[in-house]
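Work through the exercises below with the sequence and the model beside you, and try each task before you read its solution.

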Amino acid sequence: MTAGGGTDDDIPLGERKTVTDFCYLLDKSKQLFNGLRDLPQYGQKQWQSYFGRTFDVYTKLWKFQQQHRQILDNRYGLKRWQIGEIASKIGQLYYHYYLRTSETSYLNEAFSFYSAIRQRAYYSQVTKEDRPELVVKKLRYYARYIVVCLLLNKMDLVGDLVKELSDEIEDYTHRFNTEDQLEWNLVLQEVAAFVEADPVIVLNDDNSIMVTSNRLAEGVVPPLEQGMVAGQLALADALIVGNCSSQVKFSELTIDMFRMLQALEREPINLASQLNKTGNQMALCPYDFGGVLTNNNRDAGSMEVLQKRNNSFKEMHCLHPGDFFPFTRKPLFLIVDSSNSIAYKNFINLFGQPLVCLLSPTAYPKGLQDQTQRGSLFTLFLYNPLMAFLFMCRLTSMRKGLWDKCQEYLHKIYRDIAHLLTKSRTVDQAFLQFFGDDFLRLLLTRFILCSATMRLHKMFRETRNYPETYPQLQKEDSVENPALQNHILELASMLDVRSLFLEKTTTEY
């Protein structure tokens with residue numbers, strides 16, 4: 001008996017084969033999709049062929065149901081939520097492919113499928129069926145769609161989706177009296193906190209909030225000009241590790257991981273040509289609040305007892321500099337954002353390959369310590385220096401005209417920092433080896449701006465308030481260069497906050 005009624009003998013052979021082929025593709029797609037969970041989370045070649053096969057089957061399944069919709073409706077009983085489930089799985093495939101490659105074109109493809117589900121109301125009839133598991137599929141779809149919209153900075157749409165999700169959760173919990181109500185309400189709270197995590201809002205002329213992208217775009221990176229000395233290394237792999245349980249997060253991303261993810265991506269313009277450039281391989285490993293402790297669930301008391309028992313052992317739930325020794329056989333660029341980042345200050349370069357560590361302050365002034373839930377100031381500087389500068393100066397909003405003017409001035413500062421580094425006779429060659437890559441050049445210039453700004457700000461008076469590097473940068477050629485300090489003071493004057501800064505710094509404190 002088929003879903004549409006009648007025996008198999010009553011169905012024409014061609015239609016019967018259509019249903020059989022659809023069931024085969026549907027089962028095969030589910031099998032391959034479930035197998036994705038067993039793939040290694042990191043690496044390149046191991047997963048690409050499996051993803052390719054899964055994409056291929058889902059593409060065939062999607063086209064098949066489009067071409068044979070009437071037969072599948074009549075003979076199989078295909079429902080709209082089932083079509084929505086196929087589209088949702090394809091959206092998930094594109095999203096996970098984006099996570100592994102950082103190619104934002106795949107993020108846009110995921111958005112296209114999620115958007116189509118909403119526009120065509122594939123899940124609209126789910127609420128009429130007395131099956132809570134189907135409603136959960138719809139709720140999970142909304143949560144995934146919101147993540148994609150957050151990553152694409154579609155904040156107006158995020159607001160609409162959160163409202164719809166809230167209504168769906170209320171209806172779901174009222175109808176089924178389920179035990180997961182608190183979990184879904186937590187999802188709503190996390191989204192709201194994530195959206196409000198940026199400490200500064202930029203207002204358009206009509207007082208609407210301006211949405212800015214912080215991905216790498218044309219004109220943002222200081223150019224390599226004639227005569228500048230820079231290496232030819234190209235960024236090959238990036239690994240982002242986050243460990244801050246108190247920080248705002250949504251899905252698997254803390255706010256710092258979200259910011260670093262965007263700082264290491266390009267806007268989807270000429271994406272293929274940008275990502276296919278060749279060069280010597282290297283790894284970039286930003287660790288936001290993961291510089292030492294990697295397990296926040298460890299009991300502090302038991303750890304202390306263990307350390308007292310045998311001080312010769314290292315804590316196993318920490319990332320120690322020695323853990324990275326095997327990776328220093330190739331060029332390595334580390335960013336450590338941790339209260340114990342100083343552990344990496346005396347890194348040992350065993351193999352003589354280019355190695356740079358950018359290290360966060362180990363402590364912030366008291367006035368800023370209560371803001372860590374909204375993300376690290378150090379990571380914020382690497383992601384959006386102007387927003388970080390405003391936050392340091394306790395400015396919470398700004399008009400678009402002044403924002404654009406300050407951004408233009410920051411680009412001039414970046415160019416001057418690039419000149420400082422490439423013309424310096426004292427800078428370690430490791431910095432210059434990485435300076436040829438667009439991402440790393442921008443991160444290095446932002447880091448120097450961050451360090452110089454903190455050294456000038458009157459609130460930052462202790463040595464532990466300042467970022468550090470391995471190898472060390474000569475201060476007079478970088479973070480305490482008089483010309484750079486004058487630029488920072490000029491930026492402060494543009495914002496009418498110059499009184500918060502010293503007129504000059506020395507290396508005596």
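**Exercise 1. Decide whether L350 is buried, partly exposed or exposed, and find the surface patch to which L350 belongs.**

Solution. Begin with the cover of the residue, keeping in mind that this is a predicted model. L350 has a relative accessibility of 48%, and the partly exposed class runs between 20% and 50%, so L350 counts as partly exposed. Next, place the residue in the chain: L350 lies in the loop that runs between β7 (332–337) and β8 (355–359). Finally, look at the partners of L350, which are I348 and F351; the three residues form a nonpolar patch on the surface, and together they have about 280 Å² of accessible area.

**Exercise 2. Describe the salt bridge between E129 and K79, and say where in the chain its two residues lie.**

Solution. Side chains of opposite charge can pair when their charged atoms come close. A salt bridge requires a nitrogen and a carboxyl oxygen within 4 Å, and for E129 and K79 the N to O distance is 3.7 Å. The pair links distant parts of the chain, since E129 sits in the loop between α5 (104–119) and α6 (132–151), while K79 sits in the loop between α3 (69–76) and α4 (80–101), 50 residues apart. The last step is to check the cover of each partner: E129, at 17% relative accessibility, counts as buried, whereas K79, with a relative accessible area of 40%, is partly exposed.

**Exercise 3. Examine the salt bridges K400–D404 and E462–R464, giving for each the N to O distance and the exposure of its residues.**

Solution. Take K400 and D404 to begin with, whose side chains meet at 2.7 Å, N to O. Both residues lie in helix α15 (residues 400–423), and they are 4 residues apart, which is about one turn of the helix. K400 is partly exposed, with a relative accessible area of 31%, and D404, at 34%, also counts as partly exposed. Then turn to E462 and R464, where the N to O distance is 2.8 Å; E462 is partly exposed at 41% relative accessibility, and R464 is partly exposed at 45%. To widen the view, note that the structure holds 21 salt bridges, and that E85, K89 and K137 are linked in a network of such bridges.

**Exercise 4. Find how much space the largest cavity holds, and describe the residues that line this cavity.**

Solution. Start with the count, which comes to 5 cavities of 30 Å³ or more. The largest cavity holds about 100 Å³ of space. Its lining includes F447, S451 and R455, and also P467, E468 and T469, among others. Two elements give two or more residues to this lining, namely α17 (438–456) and β10 (468–470), and the largest share, 3 residues, comes from α17. When the lining residues are sorted by kind, they divide into 4 nonpolar, 3 polar and 3 charged.

**Exercise 5. Work out how many residues of helix α14 are buried, and look at what follows the helix.**

Solution. First, go along helix α14 (residues 385–392) and compare each residue with the cut-off for buried, which is under 20% relative accessible area. The helix proves to be mostly covered, for 8 of its 8 residues are buried; among them are P385, M387, F389 and F391. Then move past the end of the helix: α14 is followed by R394, whose phi is positive, near 60 degrees.

How values were computed
Residues numbered from 1 in each chain as written. Predicted model: local features only at pLDDT ≥ 70, side-chain atom pairs only at ≥ 80, totals over all residues. Heavy atoms only, no water. Buried < 20%, exposed > 50% of the residue type's maximum accessible area, 1.4 Å probe, protein only. Patch = residues over 30% accessible without salt bridge, like charges linked within 9 Å, V, L, I, M, F, W, Y side chains within 5 Å. Areas by Shrake-Rupley, 256 points an atom, 1.4 Å probe, with all protein chains shown as cover. 1 Å grid on protein atoms, 1.4 Å probe; cavity = no way out; pocket = protein on both sides within 12 Å on 5 of 7 lines; lining within 4 Å. Points joined across faces, edges and corners; volume = space filled by probe spheres on them. Nonpolar A, V, L, I, M, F, W, Y, C, P; charged D, E, K, R; others polar.
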